Amino acid sequence: QVQLVESGGGLVQAGGSLRLSCAASGRTFSTYAMGWFRQAPGKEREFVAIINWITSMTYYADSVKGRFTISRDNAENTVYLQMNSLKPEDTAVYYCAAGRYSPRVSDFGSWGQGSQVTVSS
């Protein structure tokens, strides 16, 4: 129902920055929130950040709070994840998602294709 296309992943040195983008199309009127999740090798997919599509209220995982910022553009069709002060432990495949204002994977019904973020030490 909501199509999500990600871009912006890549390789960066520790302490550097990257910005991920996620363009949404389709039935965006049914979207209450958009979020970012990540999955590192050997680990389950984990919550990173979410933004309420109407109020712009945000919520972050403790592991990224103060370093990552989630935002949306003026047209409300793209969500961003600005990642600063990156650490090797941030290395993962990052997925954007559309759904409820919730940190639970199961509350998101639409997912992007995934973007590899690799942070070298």
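## Exercises on salt bridges, a disulfide and surface residues

A search of the whole structure finds three salt bridges, a salt bridge being a side-chain nitrogen of Lys or Arg within 4 Å of a carboxyl oxygen of Asp or Glu. The model is predicted: local features need pLDDT of at least 70, side-chain atom pairs count only at pLDDT 80 or more, and totals for chains, interfaces and linings use all residues. Residues are numbered from 1 along each chain as its sequence is written, and side-chain values use heavy atoms, with hydrogens and water left out.

**Exercise 1.** Find which residues the salt bridges join into one network.

Solution.
1. R38 pairs with E46, N to O at 2.7 Å. Buried means under 20% relative accessible area, exposed over 50%, and partly exposed in between (1.4 Å probe, protein chains only). R38 is buried at 5%, while E46 is partly exposed at 25%.
2. R38 also meets D90 in a salt bridge, with N to O at 2.9 Å. R38 is in strand β4 and D90 in the loop between β8 (78-83) and β9, so this pair ties together parts 52 residues apart in sequence. Strands (E, at least two residues) are DSSP runs, numbered from the N terminus.
3. D90 bridges to R67 as well, the closest N and O atoms being 2.7 Å apart. R67 lies in the loop between β6 and β7 (68-72), 23 residues from D90.
4. Through shared partners, R38, E46, R67 and D90 form one network.

**Exercise 2.** Locate the disulfide and state whether its cysteines are buried or exposed.

Solution.
1. The criterion is a pair of cysteine sulfur atoms within 2.5 Å. By this rule there is one disulfide.
2. The bond joins C22 to C96, S to S 2.0 Å. The link of C22 and C96 is right-handed, with 55 degrees about the S-S bond.
3. C22 is in strand β3 (residues 18-26) and C96 in strand β9 (residues 92-99), so the pair ties together parts 74 residues apart in sequence.
4. C22 is buried at 0% relative accessibility, and C96 is buried at 0%.

**Exercise 3.** Determine whether S21 is buried or exposed, and which residues S21 touches.

Solution.
1. S21 lies in strand β3.
2. Its relative accessible area is 14%, so S21 is buried.
3. Not counting residues up to four places away in sequence, S21 touches V5, E6, S7, W36, T78, V79 and Y80, where contact means heavy atoms within 4.5 Å.

Notes. Helix = DSSP H or I, 4+ residues; strand = E, 2+ residues; numbered from the N terminus.
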